[in-house]
Amino acid sequence: MSKMKQDQAGMTLIVKTITRLTVGLILLYGIYIVLHGHLTPGGGFPGGVIIALSFIHLMLAFGKETALKKLDQIRASLFESAGAIMFLSIASLGFVGGYFFLNFIGKGRPFNLFSAGTIPLCNIAICLKVGAGLFLIFVTLVVLSKMEER
Amino acid sequence: MIELHLLLLFMIVAAIIAVEVKDLISSVVAVGAVGLGLSLIFLILKAPDLAITQLVVEILCLIILIRATIKRDLPLIKSGRWHFNTFSTLLFIIIFLTLAYVSLKDLPAFGYPILRVAANYLKEGFIATGAANLVSSVVLDFRAYDTLGEATVLFTAVMGVLVVMRRIGRKHE
Amino acid sequence: MSTYFLCLILFCVGLYCLLRKRNLIKIIIGIAIVEYAVNLFFILVGYRMHGRAPILHREQEVLNMVDPLVQALVLTAIVIGLATTALLIAIAIRIYDKYGTFDITKINKLKG
């Protein structure tokens with residue numbers, strides 16, 4: 001794809017400039033929501049959706065090539081499988097102490113970032129799974145049906 | 001709780017607009033108004049986790065719905081005459097609302113729940129898991145099997161979308 | 001009591017759309033409205049009068065919390081609802097590609 005055609009993809013200059021400023025902040029906010037899921041409102045589900053929305057924002061503003069260069073479909077499906085395997089292996093590691101889904105790590109000091117045992121790790125796994133899954137759904141709905149119109 | 005009633009009336013009006021308007025894109029935008037009102041109600045009913053999740057999910061749902069309706073060359077839809085269907089639907093809804101009004105008296109009054117299971121979580125949740133957010137401790141510790149089932153459903157939905165939309169093996173149209 | 005009934009009216013608006021309308025996108029919108037009403041009903045049942053959010057604070061005794069169990073159930077239901085809505089839209093787009101219409105009464109008359 002030539003340089004000129006890439007400039008034409010996506011929306012106008014105003015939208016692109018604003019997107020360049022805000023997309024990093026949206027991603028950072030999603031990561032904050034995931035990591036503090038056991039202390040403040042939030043958790044893996046909304047954090048994953050916010051992270052997926054930051055990539056979708058990039059795709060809507062710059063066209064699909066720029067976003068797919070950052071995270072393409074194969075890597076997104078790999079992230080989703082990694083989230084599922086991580087969640088299941090955390091659950092299976094509970095057999096060390098007794099039963100499935102045992103909270104086997106020490107609780108730590110309450111109200112700190114590193115506390116509550118396996119719950120932050122589970123939050124990260126859920127975030128990977130939800131974010132990659134929803135991004136994959138959006139890419140499939142937009143890209144595959146748009147290719148057909150040409 | 002006057003603000004709760006006002007928001008519920010707003011949601012009902014927005015839902016009726018979404019159902020009855022002819023233009024598909026206006027209908028999708030009205031459904032977005034219903035979802036954002038639901039997010040505000042979650043905030044009033046002291047569920048901040050759900051408010052964040054509903055807000056974000058509503059935006060993504062709106063983007064996907066607009067993607068489905070845009071560029072399809074049918075901005076106005078014809079409803080047609082369908083008298084028997086309308087009559088039977090309205091009759092069923094009236095019967096349903098009457099029976100629901102009778103049976104709602106058996107529910108606990110609004111604002112005074114029973115809390116038989118949840119009292120245990122409220123008492124022991126912080127000591128057993130060490131998480132300050134009790135919703136998070138219920139989702140990922142006490143009831144983690146629910147989350148596992150949710151992950152399975154999400155995986156199945158993603159696979160279903162990929163299978164339905166793929167182009168490999170499809171006949172040339 | 002009146003709150004429960006308003007929530008049920010919202011449910012019935014979605015049900016009317018689901019049963020009466022012939023456009024596939026309208027049917028998906030009806031399913032979405034029904035889903036919102038059911039989620040709202042769960043939360044209304046679990047609300048406690050003058051309650052507080054189920055999040056503990058440092059050096060502060062929080063009594064009188066609302067029910068965290070229904071919030072956990074609805075939290076998973078919202079994300080599942082988004083995924084199923086996306087699956088329905090994918091099926092609707094494929095039907096449009098094949099038959100050229102969203103009208104469910106015309107779909108069985110045309111041959112792909």
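How many salt bridges are counted between chain B and chain C? In this predicted model, the count between these two chains is one salt bridge. The pair consists of C:Lys21 and B:Glu20, whose closest N and O atoms are 3.8 Å apart, and this distance can be accepted as a salt bridge because the rule asks for a nitrogen of Lys or Arg within 4 Å of a carboxyl oxygen of Asp or Glu.

Besides the salt bridge, ten residue pairs in polar contact are counted between chain B and chain C, with both residues of each pair at pLDDT 80 or more. On the side of chain B that touches chain C, the elements giving two or more residues are helix 1 (2-20), helix 2, helix 3 (48-69), helix 4 (83-103), helix 5 (118-129), helix 6 (134-142) and helix 7 (144-165) of chain B. Of these, helix 3 of chain B provides the largest share, with 13 residues. When the residues of this side are divided by character, 62 are nonpolar, 14 are polar and 13 are charged. The contact as a whole takes 89 residues from chain B and 70 residues from chain C, and the area buried between the two chains is about 7,900 Å², of which carbon and sulfur atoms give 78%.

Chain C also meets chain A, where twelve residues of chain C are in contact with nine residues of chain A. The area buried between chain C and chain A is about 1,000 Å², and carbon and sulfur atoms give 80% of that area. Within chain C, the residues that lose the most area to chain A are C:Ile55, C:Arg58 and C:Val79, which together account for 39% of what that side buries. The side of chain C that touches chain A is made up of eight nonpolar, two polar and two charged residues. Between chain C and chain A the count is zero salt bridges, and the rule likewise finds zero residue pairs in polar contact across this interface, where both residues must be at pLDDT 80 or more.

Turning to chain B itself, the domain assignment gives domain 1 (1-76) and domain 2 (113-173), and the C-alpha centres of these two domains lie 23 Å apart. Helix 2 of chain B, which covers residues 24-44, has 21 residues and reaches 31 Å from its first C-alpha to its last, a span close to the 30 Å expected at 1.5 Å a residue. This helix is followed by B:Lys46, whose phi is positive, near 60 degrees.

Over all chains, the structure holds three salt bridges. One of them joins the side chains of A:Lys129 and A:Glu80, with a distance of 3.1 Å from N to O. This pair links distant parts of chain A, since A:Lys129 belongs to helix 6 (residues 119-149) and A:Glu80 to helix 5 (residues 73-92), with the two residues 49 residues apart.

Notes. Residues are numbered from 1 along each chain as its sequence is written. Chains are lettered from A and ligands numbered from 1 in the order in which they are written. Side-chain values use heavy atoms; hydrogens and water are left out. Contact means heavy atoms within 4.5 Å. Buried area is the accessible area (1.4 Å probe) that two parts lose on being put together, summed over both. A polar contact is a pair of N or O atoms within 3.5 Å; within protein, one must be able to donate a hydrogen and the other to accept it, and residues adjacent in sequence count only if both atoms are side-chain atoms. Ala, Val, Leu, Ile, Met, Phe, Trp, Tyr, Cys and Pro count as nonpolar, Asp, Glu, Lys and Arg as charged, and the others, Gly among them, as polar. Helices (H or I, at least four residues) and strands (E, at least two) are DSSP runs, numbered from the N terminus. The expected span of a helix is 1.5 Å times one less than its number of residues. Domain bounds come from an automatic or database domain assignment.
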